[in-house]
Amino acid sequence: MTATSQPMPFSVPQALEAELDALAARYPEKRSASLMFLHALQDHFGGVSREAVEWTASKLGLQPINVYELVTFYPMFRQETLGRNQIKVCRTLSCALAGAYELREHFCSKLGLDAAKHGPQTTPDGKFTVEFVECLASCGTAPVLMLNEELWEKVTLPEADRMLTLCRP
Ligand code: FES
């Protein structure tokens with residue numbers, strides 16, 4: 001697995017474990033619940049760590065490799081932990097021309113992240129993850145970004161600053 005930016009504490013809450021146990025019991029083959037386990041763990045922890053892979057394998061009577069191959073095959077799974085606030089800046093053509101690169105650099109500079117690095121960047125306190133994504137289907141209102149589940153359009157640098165004050169603690 002790739003290295004994580006910080007150790008991911010791993011302890012599955014009892015309620016979540018009970019929910020997943022009930023889910024696994026619905027399948028004649030427990031391994032059929034693998035993807036649902038991984039989605040639930042990613043939702044809870046912000047990513048699928050090695051510990052999450054091992055825990056899932058042990059719960060479903062599989063080898064860790066049987067679970068790990070799912071994590072690496074499906075692009076919706078992440079092995080690194082994401083921040084509590086996710087800022088996804090569109091970098092496709094319209095947004096790139098309208099200032100997406102400046103916008104990402106601005107966030108990185110404000111949050112002490114290295115804009116020269118590729119891929120998602122997460123602050124050491126786990127509060128923010130900043131990353132580029134491809135077209136968010138709002139090209140006419142570029143530059144756009146997603147702050148968690150919300151789409152922001154025609155984002156200016158002062159708006160970007162304001163946005164940071166509205167984020168989850
Ligand atoms: S190019 Fe950014 S939303 Fe389409």
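Among contacts in the protein chain between residues at least 6 apart in sequence, what share join residues at least 24 apart? The share is 59%. Keep in mind as you look around that this is a predicted model.

## Overall layout

The protein chain has 169 residues, and 27% of them count as buried. Its C-alpha atoms fill a box of roughly 50 × 30 × 25 Å, taken along the principal axes. You will find seven helices and five strands. Read from the N terminus on, the elements run α-α-α-α-β-α-α-β-β-β-β-α.

The domain assignment divides the chain into domain 1 (14-73) and domain 2 (85-165). Taken over C-alpha atoms, the centres of domain 1 and domain 2 are separated by 31 Å.

## A helix pair

Let us begin with helices H2 and H3. Helix H2 covers residues 34-45 and helix H3 covers residues 50-60; the two pack at an angle of about 145°, and their axes are 10 Å apart. The crossing of H2 and H3 is right-handed. On the H2 side, the residues that meet H3 are Ser34, Phe37, Leu38, Leu41 and Phe45. Their counterparts in H3 are Ala52, Thr56, Lys59 and Leu60.

## The sheet

Now to the strands. They form an open sheet of five strands in the order S2-S3-S1-S4-S5, with mixed pairing. S2 and S5 are the edge strands, each pairing on one side only.

Strand S1 (residues 85-90) pairs with strand S3 (residues 128-133) in the parallel sense, over six bridges. Strand S2 (residues 121-122) pairs with S3 in the antiparallel sense, over two bridges. S2 and S3 also form a hairpin with five residues between them, and glycine 126 in the turn has a positive phi of about 75°.

If you would like to trace the bridges yourself, start with these. Asparagine 85 has phenylalanine 128 as its bridge partner in S3, and glutamine 86 has threonine 129. For glutamine 121, the bridge partner in S3 is valine 130.

Helix H6 lies across S1, S2, S3 and S4, and runs at about 165° to S3.

## Phenylalanine 128 in focus

Is phenylalanine 128, in strand S3, buried or exposed? Phenylalanine 128 counts as buried because it has 24 C-beta neighbours inside 10 Å, and the cut-off for buried is 20 or more. Leaving aside neighbours within four places in sequence, phenylalanine 128 is in contact with Gly83, Asn85, Ile87, Leu111, Thr122 and Thr123. One of these deserves a closer look: isoleucine 87 is 41 residues away along the chain, and the C-alpha atoms of isoleucine 87 and phenylalanine 128 are separated by 7.3 Å.

## Nonpolar cores

In soluble globular proteins, nonpolar side chains tend to be buried together. Here, the largest nonpolar core has 16 residues, of which Ile87, Val89, Cys90, Leu103, Val144 and Leu145 touch the most other members. S1, helix H6 (100-111) and S3 each supply at least two residues of this core. Another core lies apart from it and has 13 residues, including Ala24, Ala33, Leu38 and Ala52.

Leucine 103 is a good residue to select on screen. Not counting residues up to four places away in sequence, leucine 103 touches Val89, Pro143, Leu145, Val155 and Ala160.

## Backbone details in the loops

Proline 143 sits in the loop between S3 and strand S4 (145-147). The peptide bond leading from alanine 142 to proline 143 is cis, with omega near -5°.

Two other loop residues have a positive phi without being glycine. The table sets them side by side.

| Residue | Phi | Loop | C-beta neighbours inside 10 Å |
|---|---|---|---|
| Asparagine 148 | about 55° | between S4 and strand S5 (150-152) | 12 |
| Lysine 154 | near 45° | between S5 and helix H7 (157-165) | 13 |

Why do these residues fall into separate exposure classes? Asparagine 148 counts as exposed because it has 12 C-beta neighbours inside 10 Å, and the limit for exposed is 12 or fewer. Lysine 154, with 13 such neighbours, therefore counts as partly exposed.

How values were computed: Residues are numbered from 1 along each chain as its sequence is written. This is a predicted model: local features need pLDDT of at least 70, side-chain atom pairs count only at pLDDT 80 or more; totals for chains, interfaces and linings use all residues. Two strands pair if DSSP finds at least two bridges between them. Helices (H or I, at least four residues) and strands (E, at least two) are DSSP runs, numbered from the N terminus. A nonpolar core is a set of buried Ala, Val, Leu, Ile, Met, Phe, Trp, Tyr and Cys residues joined through C-beta atoms within 7 Å. Two residues are in contact if their C-beta atoms, placed from the backbone, lie within 7 Å. Domain bounds come from an automatic or database domain assignment. Axes are lines fitted to C-alpha atoms, for helices over the stretch in contact, and angles run from 0 to 180 degrees between N-to-C directions. A crossing is left-handed if the near helix is turned anticlockwise from the far one by less than a right angle, and right-handed if clockwise.
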